[in-house]
Amino acid sequence: MIQHDVVIVGAGLAGMRSALEVCKELDVGMLTKVYPSRSHSGAAQGGIAASLGNSESDSWEEHMFDTVKGGDFLSDQDAVEEYVKAAPRVIYELEHMGCVFSRTPDGKIAQRSFGGHSKPRACFSADRTGHAILHALHEQLLKNAKSVKIYNEWYMHALIVDGDRCNGVVVSNIQSGEVEVIQAKAVVFCTGGYGRVFKITSNAFASTADGVMAAYAAGIPLEDLEFVQFHPSGLYRQGILFSEAARGEGAYLLNGNGERFMKEYAPSRMELAPRDIVARAEQSEMDAGRGVDGKDCIHLDLRHLGEARIMERLPQIRQLGIDFLGVDCVADCLPIQPTAHYSMGGIPTDLHSHVIIDAGGTRMNGFFAAGECACVSVHGGNRLGTNSLLEAVVFGERAGKSVLEYVAGIDHGNVNEGREKARVLKKFEDVFQRDGSESYNAIREEMKEVMMTHCGVFRDAEKLNVCIETLQGLQERFKKGKVTDKGKLFNTEIYEILELGNMLSIAQLIANNALQRKESRGGHFRTDYPKRDDVNFLHHSMVYGSQNGPVVKPKPVVITKHQPAERTY
Amino acid sequence: MATFKIKRFNPEKQPQPYYEEFQLDIPPAATLLDCMNQIKWTLDGSLTYRMSCRSAICGSCAVKSNGHALLACQRQAEHLLDDNDTITLEPLGNMQPIKDLVVDFTPFWDKINQVKPYLQPDDEVPPQKERRQSPQEFSLIDDASTCIMCGACYSDCNTLEVDDNFLGPAALAKAQRFVGDSRDAQTHARVQALSEPGGVWDCTHCGECVERCPKPTRPFDRIKEIMTVALEHGVHDNNGARHALSFFNSVKRSGNLNENRIPVESMGFFNIRGLLSLLPAGLRMFLKRKAPPVIHHSIDEVDDVKRIFKELGQ
Amino acid sequence: MKFALFTGCVAKGATRELMLSTTKAARGLGFDFVEMKSASCCGAGVVSEKSPLLADALNARSFSIAEKQGLDIVTICSTCQGTLKKTEAHLNEDAEYKKQVNDILREGGHQYNGKTRIKHFANILATDEGMARLKERVKRPLTGLKVAAFYGCYVLRPSDRSDFANPDNPTGMEDIFAALGATPVYYPSRIKCCGFPIVMMNKTASLDMSGNALLDAIDHGADVVATGCPLCHLSLDSYQPEIKILQETNNSIPVLHLPQLVALALGYSPDELGMDRHIVSTLKINEILHC
């Protein structure tokens, strides 16, 4: 059995920031199913929010209001306040670590405009901000290699829970196929989102709900799963991301008639309205037959920015267009469509990143979560662009500090290594024993399709019921899937199957939560209930596992400074 | 119908690699990675490779296609077809294969670690604010910081093919990211270390790394920048620096190369072993009348060349 | 077809047979090559290690010399070609930089206007006009001679500055061999590095690179290697005895400069082309061609 003081699952921004904090005093094991530098945080392009005021005066109060309004008043405002207050400090810390930032002429960190933010608040490194921060944190971990052991290409199967305490994780080494138990005094999940359940998504293949489903399987509820963000500018058909920074720098959205249609939806903010509003506007245009050439796509027009500005601020986007489409955005418009991008929901935590197991905030001892897999909730019903990198860094650090506090004076809990290993080995065995009459690929494709069409930008009861039924059918077929590779060595097929299992489960929970929230708020829009309903639904949704399936219960929203008001832009 | 000829290797089953062909209709606008996934998901689930972001930023999916390293997610499959409508896929070079297209990145990361890949600032950090760095200073590390650690350059590096000790293009590009950083205080120590054997002067100028790099990192250009800084910092006690200076001085004196002097000056006048090692080739060439003329001639109008050196303070 | 000939240093020094054979090949093909006697060394990517601006200024001066004559430049060295093209790209991508360089040149009476083109000898031969002349003027077809090209890195990479159509899988040199009546040999190492740039720093690695390429050519049945770069020639020919010791092999293979191969086909004798000056005997070629 492997033993560490603390085990961190996931090595993106939240995981690495957390590790840097914990490794100051304790021995850390950090697990990633890829390599730290390959984590999906690196795909974030446009920026990280902080009210530095480097190009216009700004304040944490304005950042807070924008975040709460952007989240359609479902954010927990105590958490938001601490989060936006911490923002400038964490940015300066990143800069001190060596993170590369674009600069103003006088050498300060440059800031640009972003959707839903009333001030230019996005600190950036050209259009690869996530990449810049990810590598800066990775560099710091390499510097602290003595106190952080990184398990590259290891997969986390299950959380080890004993009563009200978490004692470790069951994992396997992807290269060797060996199953191992890691015993730890505290476990931190920074396992990211689960956008892969949708057909069109900006997410990496690795974003598959392993962490959240392991928590759920261990009896921990999940919060606000119905709130999935669709990003307005995914590459047509591929879904990969063209940063909102393009609009931040002044790009237009044009429908098939060449009109800047956002004037009909958000006249004051136009293309820089929050993402949920822009994505719905695009979908409405396409549904009304005003897509480009009648197709499900909209044009992102950067031509008026000029080559010099594009090369300075958006070089990667330009290259993506050239590589993936053969379209040079200097001369032509980029075809885009809404793409599943970010999960507002996840593992419920308090504002110290400690996982909680009920609406009253009861803590799960020794279990922490941060980043996209967690639901604090600072984003409420819809996250503003550049707030996610900030969340990962702020709450990654908080998780680390909370762990240090929690672990002081605590011993390792009891782990029955044999039993825990057997549990996971049985999972493998089970997959190998299936009769092979179904294709996992077909199951995955059908799941992604139905989630996109029936649980996507626009939802209603009828669609959601069909979606849930379809997913139940897929669950049955999943038990009969065909596996080709039965070896132990670097068996990526078996891991894809395990990931698909997690995705089918989270998809059902998302659809079920969506069915029960009979209102429209933030990223969740019900055409049969098109209005926000603060009387009945101004609360978070907590879904609990039970013998009779998932049970959804409310959890109150923390409202401090800003009472819910009509949300227009 | 396209043919994907893929080098398969699974030591659990058989020790020797072999090639297997798969037929696939390339869907419109499909990337190479899309096609690999089609093969894995519909034809042979055991086909093994790495992938994650599919938007050319995570660096997982580098493979060799038709003999050259590239990122599978970044390239349209149709553009890679050879004259026989075939794409040949092999694992990256200069690293050991583990299974099919997956290679062992251990030496790659070891070398990244060797260049102290983190900022080493002086203590004067403003506690409540960012350090200032001008846009011009940022531009010196902009390109190097785009590296995604995909290993494509490492795979096709000509020096690494014959010398494991070479740090390789990715690690050297990473090194330049700090050598060029106005916030780093260890520039001299860095260029000193990077001038050791295995460092910048072992780069053979083949340009493969620039060609294979899927990002604007262009490692060879970064290596040249390190060389320039090393020479500026007076790190001259190695054959590479001596060679550059000898070359430079020859052009300065005569506008062209004095090939008789360069080998001797590169080795250093007191490096007896090095000088002796020049003898066999020198002697052979002398006997074949291949040795450069004993009296070295300047180019015409050499004064103008001298003037340019002078004007640039060189 | 009149060109300003940028000889490069090595063709006037250690590989004077290259200069000799270039003159013959040009004459045989009816090209008028005017030697640029006041051009400076291209810098070989080494001067730029010390000062990139200096290297570009010196090369811009050379361009200006050709422009004054109203001629395009022909190079006979892959390294010169690549290095000059790099300067050309730097100057043409950045108008401000070009102005800075021209300000430096002004006092010497020079200015670069971006008019002169820079072509390697092989790329002049590979044009329609060049190929037509080759086919028309070949007197001694190189029938039965299996020739392996060794391109030299600098004419291929970076590919966006290369004049060869498909720098990862070029055929320009091989097309020339075929036009001369020879049999081109395709082998993977033909686009690799000879190792010359590090022969003073890491001799073993350098010789291994050359050695591997030579073995590859031999394994693919070549009688001779032909190169467009005198630095590659030094590596592949002058160091071949040491390579054989290092790699413990008895195989050897002669190495020709591209102009030598061309001039042979145009009817010149091996001795006229300085082939007797090579380290590795070229007699095998004479036997195959009966000359």
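1. Helix 3 of chain C is largely enclosed by the rest of the structure, because 14 of its 18 residues are buried. Buried here means under 20% relative accessible area, exposed over 50%, and partly exposed in between (1.4 Å probe, protein chains only). The helix covers residues 52–69, and its end C-alpha atoms are 26 Å apart, which agrees with the 26 Å that 18 residues should span at 1.5 Å a residue. The expected span is 1.5 Å times one less than the number of residues. Gly70(C), just after helix 3 of chain C, takes a positive phi of about 70°. Helices (H or I, at least four residues) and strands (E, at least two) are DSSP runs, numbered from the N terminus.

2. On the basis of the model: this is a predicted model, in which local features need pLDDT of at least 70 and side-chain atom pairs count only at pLDDT 80 or more, while totals for chains, interfaces and linings use all residues. Residues are numbered from 1 along each chain as its sequence is written, chains are lettered from A and ligands numbered from 1 in the order in which they are written, and side-chain values use heavy atoms, with hydrogens and water left out.

3. Chain C as a whole has 13 helices and eight strands. Its radius of gyration is 19 Å, close to the 19 Å that the globule rule gives for 291 residues, so chain C is as compact as a globular protein of that length. The radius is taken over C-alpha atoms, and the globule rule is 2.2 Å times the number of residues to the power 0.38. Along the principal axes, the C-alpha atoms of chain C fill a box of roughly 55 × 45 × 30 Å. Of the 291 residues in chain C, 65% are buried. Among contacts in chain C with a separation of 6 or more, 78% are between residues 24 or more positions apart; contact means heavy atoms within 4.5 Å. The accessible surface of chain C is about 9,900 Å², with 49% belonging to carbon and sulfur atoms. Accessible areas come from the Shrake-Rupley method with a 1.4 Å probe, and for residues only the protein chains shown count as cover.

4. Chain B has 13 helices and seven strands. Its C-alpha atoms fill a box of roughly 70 × 70 × 40 Å along the principal axes. Buried residues are 62% of the 314 in chain B. Residues 24 or more positions apart make up 62% of the contacts in chain B with a separation of 6 or more. The accessible surface of chain B is about 12,800 Å², and carbon and sulfur atoms account for 51% of that area.

5. On the assembly, two pairs of chains are in contact, and chains B and C share the most contacts. Chain A and chain C do not touch, their nearest C-alpha atoms being 12 Å apart.

6. The loop between helix 1 (32–43) and strand 3 (62–65) of chain B holds Ser60(B). Ser60(B) counts as buried, at 9% relative accessibility. Leaving aside residues up to four places away in sequence, Ser60(B) touches Arg38(A), Arg50(B), Met51(B) and Ser52(B). Arg54(B) also has its place in the loop between helix 1 and strand 3 of chain B. Arg54(B) is buried, with a relative accessible area of 9%, and has a positive phi of about 55° although it is not a glycine.

7. Helix 13 of chain A (residues 461–478) has 18 residues and reaches 25 Å from first to last C-alpha, close to the expected 26 Å. Its buried residues include Leu464(A), Ile468(A), Leu471(A) and Phe478(A). Seen down the axis, the buried residues fall within an arc of 125°, so they line one face of the helix; the arc is that of the directions from the helix axis to the C-beta atoms. Helix 12 (440–454) and helix 14 (492–516) of chain A are included in what covers them. The face turned away from the buried side carries the exposed Glu462(A) and Glu469(A). At the start of helix 13 of chain A, a side-chain oxygen of Asp460(A) reaches to within 3.0 Å of the backbone nitrogen of Glu462(A).

8. Some backbone geometry deserves a check. Most peptide bonds are trans. The bond from Val376(A) to Ser377(A) is cis, with omega near 5°. A cis peptide bond also joins Arg157(C) and Pro158(C), with omega about -5°.

Methods
A polar contact is a pair of N or O atoms within 3.5 Å; within protein, one must be able to donate a hydrogen and the other to accept it, and residues adjacent in sequence count only if both atoms are side-chain atoms.
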